[in-house]
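Hi,

Here is the structure I promised to pass on. Have a look at it first, and then read my notes below.

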Amino acid sequence: MGDPKVYRPSRFTVMTPHSAGGSVLYNSMRGSVFYVREPVAGRVHDLLHNRKARITADADADLVPGLAERGFLVEEDHDEDAEARELRDGRTTRTDRLELILMPTEACNFRCTYCYEDFSLGRMLSGVREGVRRLVRHRQERHDLRSLSISWFGGEPLVAFDVIEELSEYFTAFAAETGVDYQAGMTTNGYLLTEDVAARCVELGIRQFQITLDGPKHAHDGSRPLMGGGSTFDDIMANIRAMAASDLDFRALLRTNFSPANVGSVPELVAELGDIAAGDPRFAVIFRPVGRWGGPQDEDIEACSGRDAELAKLDLNMRAHGHALAGGDLRTLRPGGSVCYAANPWSFLVRPNGVIGKCTVALRDAKNMVGRLTPEGELKLDDDLMRLWTDNDDAHDEGCRSCFFRPSCQGAHCPLIRIQDGVRPCPPQKVWIGPNLQTYTDLQRTPAGASHG
């Protein structure tokens with residue numbers, strides 16, 4: 001027999017107490033979350049609390065192999081920093097993937113109170129549409145493209161559904177011809193997503209939808225009215241019911257933006273959604289605090305932020321679980337799960353006039369106008385501006401490099417925060433890791449549909 005393996009605690013492991021007793025372990029390189037009861041939790045703490053400890057299986061034969069298997073312990077000569085660099089480099093250097101966030105129009109049929117857009121651009125120009133087609137073809141011919149992701153955004157993308165149909169027909173034919181993996185989704189207010197439109201989207205390969213509902217009818221209609229005024233809630237809910245009643249193959253993420261004004265009524269919406277989609281794996285829910293995102297009414301918005309916002313979000317996730325609705329936030333704890341799309345060199349926002357951006361929020365920020373798409377399919381990019389978004393992360397931030405959460409966010413949770421405010425953009429799930437891990441554990445341990453206490 002050879003010498004026994006020697007381990008040390010992973011620097012990407014955290015251990016936090018659970019309110020019901022015991023502790024929760026988390027490793028951001030593996031995405032491992034593990035709940036341990038007392039008295040085992042005490043033994044685990046003794047093994048892991050000293051980062052410089054050297055541990056063999058003899059230290060606790062019942063625990064050490066399992067802790068090593070889940071990544072909470074690593075072999076003593078394992079270079080975790082190199083592993084983190086490889087994770088980041090694997091994301092930033094790949095050329096076989098292309099993600100296009102396409103705005104078929106910046107017009108919208110809603111006038112949400114917190115909206116930051118100015119609706120200045122109409123339908124995507126024909127030259128831009130041709131440029132998109134040629135760009136995709138060039139990427140496949142020049143870079144051996146293997147994965148194409150299309151995200152339809154607006155304005156309200158369904159206002160220009162004919163543009164979506166035109167380009168989607170090309171994408172589906174292109175994927176069938178080349179064997180490229182093609183996935184498509186849409187961020188929509190849901191008002192025009194009727195049964196027939198949803199079926200046509202799925203036929204075109206658009207199978208992922210994000211639809212926003214700001215609480216029950218009285219709250220939603222107050223913050224998300226039609227342009228010119230008028231209720232939108234009932235029509236959206238009718239469309240969601242039709243999707244739930246169908247046999248279509250899709251995934252719908254139902255998003256609620258909450259603020260101090262509406263957060264108390266959100267559980268009412270959750271119950272209503274549970275009546276429609278409980279146990280349906282095609283539906284999931286997420287909850288996001290309203291922020292001041294640069295719109296004309298920012299000063300009048302009652303934003304929700306900090307610990308209170310995070311605790312409210314976690315409470316709503318538990319309530320949704322109680323109605324057998326899946327949550328859409330669990331991926332943020334996985335390696336790369338908290339990285340913003342704008343930090344990826346292969347992700348581009350294409351506006352209707354051909355201007356290329358990186359972020360869907362800062363549409364009027366000159367630093368977000370990183371280039372232009374030509375009708376010939378060429379991306380004319382400003383390399384310095386691109387680096388602001390794609391090379392402004394844990395590779396250059398000592399604090400990020402030493403952080404336990406590094407593999408998940410890679411210092412790139414929100415490049416916009418670094419660019420506009422010059423500060424490290426730590427994600428809320430890292431800042432309040434204890435409540436997040438407890439909620440994650442409770443979601444796993446509580447049967448779906450069990451009442452929220």
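Let me start with the second largest pocket: helix 4 gives the largest share of its lining, 5 residues. Keep in mind throughout that this is a predicted model. The lining has 18 residues in total, and those lying nearest the pocket centre are R139, H143, F348, L379 and L381. Helix 4 covers 126-143, and like strand 16 (379-381) it supplies at least two residues of that lining. Sorted by class, the lining is made up of 7 nonpolar, 6 polar and 5 charged residues. The space in the second largest pocket comes to about 340 Å³.

While you have helix 4 on screen, look at R133 and E130. Their side chains form a salt bridge, at 2.9 Å from N to O. The two sit about one helical turn from each other, because they are 3 residues apart in helix 4. What differs is the burial: R133 has a relative accessible area of 18%, so it counts as buried, whereas E130 is at 26% and therefore partly exposed.

Helix 11 has a pair with similar spacing. D384 and R387 make a salt bridge there, with the closest N and O atoms 2.4 Å apart. Again the residues are 3 apart, here in helix 11, so about one helical turn separates them. D384 is exposed, with 52% relative accessibility, while R387, at 42%, counts as partly exposed.

Those are two of the 35 salt bridges counted in the model. The one I would show you next joins R91 and D393, whose closest N and O atoms are 3.6 Å apart. This pair ties together distant parts of the chain: R91 belongs to helix 3 (residues 80-92), D393 is in the loop between helix 11 (383-390) and helix 12 (398-401), and the two positions lie 302 residues apart in sequence terms. Both R91 and D393 are buried. They are also part of a network of salt bridges that links R88, D89, R91, D391 and D393.

Now for the nonpolar side of things. The largest nonpolar core has 82 residues, and the members that touch the most others are L100, L148 and F171. Helix 5 (residues 161-178) contributes the largest share of this core, 8 residues. Apart from this core there is another one, of 13 residues, including Y7, V44, L47 and I55.

L148 is a good residue to click on. Setting aside residues up to four places away in sequence, L148 touches L98, V136, F171, F174, V180, D181, Y182 and Q183. So which of the core's members that touch the most others turns up in that list? It is F171.

One last stop is V266, in helix 9 (residues 266-277). Is V266 buried or exposed? It is buried, because its relative accessible area is 0%, and the cut-off for buried is under 20%. Beyond its neighbours within four places in sequence, V266 is in contact with G215, P216, T256, F258, F287 and L316. H220 lies 46 residues from V266 in sequence, and the C-alpha to C-alpha distance between them is 9.7 Å.

That is what I have so far.

Best wishes

Technical notes: Residues are numbered from 1 along each chain as its sequence is written. This is a predicted model: local features need pLDDT of at least 70, side-chain atom pairs count only at pLDDT 80 or more; totals for chains, interfaces and linings use all residues. Side-chain values use heavy atoms; hydrogens and water are left out. A nonpolar core is a set of buried Ala, Val, Leu, Ile, Met, Phe, Trp, Tyr and Cys residues joined through side-chain atoms within 4.5 Å. Buried means under 20% relative accessible area, exposed over 50%, partly exposed in between (1.4 Å probe, protein chains only). Helices (H or I, at least four residues) and strands (E, at least two) are DSSP runs, numbered from the N terminus. Contact means heavy atoms within 4.5 Å. On a 1 Å grid over the protein atoms alone, a cavity is a set of points where a 1.4 Å probe fits but cannot get out, and a pocket is an open set with protein on both sides within 12 Å along at least five of seven lines; lining residues have an atom within 4 Å of a point. Grid points are joined across faces, edges and corners, and a volume is the space filled by probe spheres set on the points. Ala, Val, Leu, Ile, Met, Phe, Trp, Tyr, Cys and Pro count as nonpolar, Asp, Glu, Lys and Arg as charged, and the others, Gly among them, as polar. A salt bridge is a side-chain nitrogen of Lys or Arg within 4 Å of a carboxyl oxygen of Asp or Glu.
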